[in-house]
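Grab a pencil and try these short exercises. Each one comes with a worked solution, so have a go before reading on.

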Amino acid sequence: MNGKVAFIAGAALGYVLGTRAGREQYEKIKSGARSALDHPVVKDKVAQAESAITDVVREQGAKVTDQVANMVKEKFTGSSRPSGGSDEASNGPSSAWDTPQR
């Protein structure tokens, strides 16, 4: 909730400043932001964040993909099946969705 409020406040402030300041002020703000992003400390932190995100995606990607696939199947079949090792799942396909194509 706080993130939404901060985003909306930032967007509103940016809009007001942008409309009042004009192109010259916009260019100053843009160059200031660009120089901040080019700072070595900021670049290092961005690289660390990218690395951490990449690691999490590699570790959790398959799990998330499986969960999304199960949710989609549930929506199409109208039933929920727990993933992995249940009796219902071991009895073979429960719908046309699960039937392998030959």
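Below are three exercises on this predicted model.

**Exercise 1.** Work out how many helices and strands the protein has, and what share of its residues is buried.

*Solution.* Start with the elements: there are 3 helices and 0 strands. Reading from the N terminus, that gives the order α-α-α. Next, burial: of the 102 residues, just 1% count as buried. Finally, look at the surface, where the protein exposes about 8,900 Å², with 59% of that supplied by carbon and sulfur atoms.

**Exercise 2.** Follow H2 from end to end and find where the kink is centred.

*Solution.* First, the length: H2 covers residues 40-77, which makes 38 residues. Then the span: first C-alpha to last is 52 Å, close to the expected 56 Å. Now the kink: it's about 55° and centred on Gln 60. Last, step just past the end of H2, where Gly 78 takes a positive phi of about 80°.

**Exercise 3.** Is Val 72 buried, partly exposed or exposed, and which residues make the nonpolar patch with it?

*Solution.* Place it first: Val 72 sits in H2. Its relative accessible area is 33%, so Val 72 is partly exposed, as that class runs between 20% and 50%. Then add its partners: Val 64, Val 68, Met 71 and Phe 76 join Val 72 in a nonpolar surface patch of about 470 Å². One helpful rule here: an α-helix has 3.6 residues a turn, so residues three or four places apart point the same way.

Conventions: Residues are numbered from 1 along each chain as its sequence is written. This is a predicted model: local features need pLDDT of at least 70, side-chain atom pairs count only at pLDDT 80 or more; totals for chains, interfaces and linings use all residues. Side-chain values use heavy atoms; hydrogens and water are left out. Helices (H or I, at least four residues) and strands (E, at least two) are DSSP runs, numbered from the N terminus. Buried means under 20% relative accessible area, exposed over 50%, partly exposed in between (1.4 Å probe, protein chains only). Accessible areas come from the Shrake-Rupley method with a 1.4 Å probe; for residues, only the protein chains shown count as cover. Patches are made of residues with over 30% relative accessible area and no salt bridge: like charges are joined within 9 Å, nonpolar side chains (Val, Leu, Ile, Met, Phe, Trp, Tyr) within 5 Å. A salt bridge is a side-chain nitrogen of Lys or Arg within 4 Å of a carboxyl oxygen of Asp or Glu. The expected span of a helix is 1.5 Å times one less than its number of residues. The bend at a residue is the angle between axes fitted to the seven residues ending there and the seven starting there.
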